[in-house]
Amino acid sequence: MPALATFSSNELIYTFQTQFTSKADGSDEQGKSGMRTHFRLSTNNGDDWGKPIPITTRVEEVHDASPIQRKDGNVDVYYSSIDSKEHDSFTLWRRCVSSSGKLGNEELVVNRSVGNIAKVSPHRLSDGSLLLTFVEQGKVYSEGDHNLHAAKILSDAKCGFVVAL
């Protein structure tokens with residue numbers, strides 16, 4: 001699920017998913033297959049791209065990243081991930097990214113009480129707020145109907161950069 005956004009300084013951010021297989025543990029014979037989200041930055045209109053950087057290392061399973069330019073010119077990346085290694089329902093998170101690849105703190109946007117969240121799409125409204133659309137995909141994502149949701153977010157993520165890459 002690739003996505004692209006620009007910083008106000010014209011750098012590009014490209015988000016994408018890669019498949020991985022986790023190491024087998026004592027309870028199963030094979031490792032678990034999953035998806036992880038990374039981003040790359042370009043300072044020359046996409047002619048060259050920096051190294052892939054994971055959007056988070058908090059958990060392995062991260063999906064459906066969608067970047068959007070912030071009011072201050074940086075980019076927020078919205079993504080679905082499990083909220084901890086103990087829970088396998090997907091929740092909605094966001095994180096500020098600077099044009100140099102610095103990451104702000106992760107912020108939980110929609111928790112697991114809403115359900116198993118996927119396919120977030122942020123839209124900037126004329127008043128500066130954000131309208132997020134996403135689906136709740138049920139306990140088993142391939143069975144049953146997806147429930148469509150929307151949430152209005154009044155401000156961008158905090159950019160107190162904590163990780164320099």
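**From the first hairpin to the cores**

Four bridges join strand S1 (residues 3-6) to strand S2 (residues 12-21), and the two run antiparallel. This is a predicted model. S1 and S2 form a hairpin, with five residues between them. In the turn, Asn-10 has a positive phi of about 75°. One bridge can be named: Leu-4 has Tyr-14 in S2 as its partner.

Now follow the side chains of S1. In a regular strand the side chains alternate between the two faces of the sheet. S1 shows such alternation. Ala-3 and Ala-5 point to one face and are buried. Leu-4 and Thr-6 point to the other face and are not buried.

Next, the interior. The largest nonpolar core has 18 residues. Those with the most contacts inside this core are Phe-7, Ile-13, Phe-39, Ile-55, Val-77, Tyr-79 and Val-97. Which elements give two or more residues to this core? They are strand S3 (33-42), strand S5 (62-69), strand S6 (75-84) and S7. S6 gives the most, with four residues.

Val-77 makes a useful stop. Leaving out residues up to four places away in sequence, Val-77 touches Ile-13, Ile-55 and Val-97, among others. Its contacts also include Thr-15, Ala-65, Ser-66, Pro-67, Trp-93, Arg-94 and Arg-95. Apart from the largest core lies another, of ten residues. Among them are Ile-68, Leu-92, Ile-117 and Leu-130.

Move on to a sheet further along the chain. Three strands form an open sheet in the order S9-S10-S11, with antiparallel pairing. The edge strands are S9 (117-124) and S11 (147-153), and each pairs on one side only. Neighbouring strands here are turned by 20° against each other on average, direction ignored. Strand S10 (residues 130-136) and S11 pair over seven bridges, in the antiparallel sense. Phe-134 has His-149 in S11 as its bridge partner.

Finally, look at one loop residue. Where does Ser-100 sit? Its place is in the loop between strand S7 (87-97) and strand S8 (107-110). Is Ser-100 buried, exposed or partly exposed? Ser-100 counts as partly exposed because its relative accessibility is 49%, and exposed means over 50%. The side chain of Ser-100 makes a polar contact with the side chain of Ser-98, at 3.0 Å. Ser-100 and Glu-11 are 89 residues apart in sequence. In space, C-alpha to C-alpha, Ser-100 and Glu-11 are 9.0 Å apart.

Definitions and conventions:
Residues are numbered from 1 along each chain as its sequence is written. This is a predicted model: local features need pLDDT of at least 70, side-chain atom pairs count only at pLDDT 80 or more; totals for chains, interfaces and linings use all residues. Side-chain values use heavy atoms; hydrogens and water are left out. Buried means under 20% relative accessible area, exposed over 50%, partly exposed in between (1.4 Å probe, protein chains only). A polar contact is a pair of N or O atoms within 3.5 Å; within protein, one must be able to donate a hydrogen and the other to accept it, and residues adjacent in sequence count only if both atoms are side-chain atoms. A nonpolar core is a set of buried Ala, Val, Leu, Ile, Met, Phe, Trp, Tyr and Cys residues joined through side-chain atoms within 4.5 Å. Contact means heavy atoms within 4.5 Å. Two strands pair if DSSP finds at least two bridges between them. Axes are lines fitted to C-alpha atoms, for helices over the stretch in contact, and angles run from 0 to 180 degrees between N-to-C directions.
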